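Biologist: I'm new to this one and would like a close look at a single spot before I get lost in the rest. Could you start there and then work outwards?

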Amino acid sequence: MTNHNRIKSVAIIGAGAAGAVTAAAFAAENFFERIQVFERKGSAGGTWIYDPSPSSGLPIIPGSLPPDLDPPLRIPNDLPKVTSPSEQERFAETPIYSSLTTNVPAVAMSFSDLPFAYGPFVPHHIPRQYLESYFSHHKTDSLLSLNTTVEDVSVIKAGNGQKERWKLTLRKRDLVRQVDVWWEDEFDAVIFANGHYSVPFVPRVKGLGEYIEKYPGRVVHSKIYRTPLLWKDKRVLVIGNSASGHDVTAELISTAQLPVYQSRRSASRWDGSEPPPGIAWKPIVKEYLSSGRIIFDDDTYLDGIDTVIYCTGYLASFPFWNAKNNGREIWDYSRNKLVKNYLHTFFQDFSTLAVVGIPRVLTFRSFEYQAIALARLFAGRESVKLPPVEEQEKWEKEREVQRKKDGKKYHDIEWDTGETLRWLDDLYRIAGLPLLTGEGRVPPVLGEEVRWAIEHLRKYPEPGTGDDGNGKEKEEESLSSGGGWVLVDRGLQKDLLSFI
């Protein structure tokens, strides 16, 4: 990298797991003159920060996408400037509920240089404390700019063979004066580490919009769920049976009127042939009627439901991305993927822009491989160069075609097919070794202990995965305080994304 193209300053957006390890990796290179981590909340921890009293007024607009739900803020003229606090909903509260535990074994989830306090599946406060201390552990806490939201990211076009640069518009909430402080800053490179569990998604269903309007507060998203106590003696319908749908339904049995109804599109890996006691399974909802009746795909119906809880996930949101200035969108919502991406990390048309933490894979540990590869690349010390843009475009197109053919999401990376190992190996080879004199971080090996944990430890029992020939699991008592976990002898069987 020629000196006039050298990347000297790096902005990292987000201080969750992706931001924490990215800051550590870039600092370890001892190459960059300035690294700044912008975090809109008051502490590091990202989605693992527990907000005990979430807003009950989150907008529920069926079928709406983040560009409509989470639009950019209007930026004042003539910055820097101090303004009254913005009241626009920014979806900053996290989706953590009181009883939530991790669902990836600790040995595979934690970063390679610092283990979790214990495991295998830990309560939510452990990852939050872990991430806060991770900044201190690497002496990168001084790089944090807290209560600071990045409101605009605009490219500064390159010229004369130089790399593009970036202008950031920033807003800091001054909690003492109760004002917003706005200013601009410029960086040579930007890393998006802002996560994708902020803006909830509720699908479009016939009559749902009118139902929400007629019965305010009856339909909620699991993002506001904290405890089953709010639904004592209520008739509840849960939509969805992913991890959050499973947990919420199971918890509601202790307080809600039984049975708790759960609407499922298909069986999850932890569902048996019959629902557990206290739960009644229903197919997907076909229509909501103004009378309050809810009709399902099999033409059965429910009356008198007090609350419908949608556990239907989240969509990535980048309200700070200035598409008009930057010449294109960053996310394609029709295809549910990053635009012009390579290896879920790099961008084909912006050499100084990258993203960490998008794929559904090994969470914390996979972020580490992305971060080290990026730090090495941006320092000009990468072991393997990125392929030409034409090859990156080919990778993106072929992946999109194959994933659509398989009926899979573009950014889901599977374990059982060997794809996770191949992806991590690509990042591993780009990073290579650090300098002999110690600058840079060593990308971790994915050793036997970690691979065994991924393939054998489960948070929930899985029917039919036992080793006794009768589909019975071996259940072991967890070393953590509270719930059990399951040891599975899978033999030659592995299930897709079973560790998420």
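In β17, which residue is the bridge partner of His-221?

Modeller: His-221 pairs with Tyr-310 of β17. Before we go on, keep in mind that this is a predicted model, where local features need pLDDT of at least 70 and side-chain atom pairs count only at pLDDT 80 or more, while totals for chains, interfaces and linings use all residues. Residues are numbered from 1 along each chain as its sequence is written, and side-chain values use heavy atoms, with hydrogens and water left out.

Now to the surroundings of that pair. β10 and β17 (residues 307-310) run parallel and are joined by three bridges; two strands count as paired if DSSP finds at least two bridges between them. The names come from DSSP runs numbered from the N terminus, with helices being H or I of at least four residues and strands E of at least two. Step back a little, and you get an open sheet of five strands, paired in parallel, in the order β10-β17-β11-β12-β13. The edges are taken by β10 (219-221) and β13 (279-282), each with a single partner strand, so one side of each has no neighbour in the sheet. From one strand to the next, the twist averages 25° (axes are lines fitted to C-alpha atoms, for helices over the stretch in contact, and angles between N-to-C directions run from 0 to 180 degrees).

Follow the chain on from β10 and you come to Asp-233, in the loop between β10 and β11 (236-239). Its phi is near 65°, a positive value in a residue other than glycine. Most residues other than glycine have a negative phi. Asp-233 counts as exposed, at 52% relative accessibility (exposed is over 50%, buried under 20%, partly exposed in between, with a 1.4 Å probe and protein chains only). Gln-178 also has a positive phi, near 55°. Gln-178 sits in the loop between β6 and β7 (179-187) and is partly exposed, with a relative accessible area of 45%.

That loop takes us to another sheet, an open one of four strands with antiparallel pairing, in the order β3-β7-β6-β5. Here β3 (81-83) and β5 (148-156) are the edge strands with a single partner each, so one side of each is left without a neighbour. Eight bridges hold β5 against β6 (residues 165-174), running antiparallel, and Thr-149 has Arg-171 of β6 as its bridge partner. In the loop between α2 (66-69) and β3 you'll find Pro-80, joined to Leu-79 by a cis peptide bond with omega of about 5°.

There's a helix pair worth a look too: α1 (residues 17-28) and α8 (residues 364-378) pack at about 35°, with their axes 8 Å apart. Among the residues making the contact are Val-21 and Phe-26 of α1, and Phe-367 and Ile-372 of α8 (contact means heavy atoms within 4.5 Å).

As for the whole protein, there are 11 helices and 26 strands. Of its 500 residues, 54% count as buried. Its radius of gyration is 23 Å, which agrees with the value near 23 Å for a compact globule of 500 residues (taken over C-alpha atoms, with a globule rule of 2.2 Å times the number of residues to the power 0.38). Those C-alpha atoms fill a box of roughly 70 × 55 × 45 Å along the principal axes.
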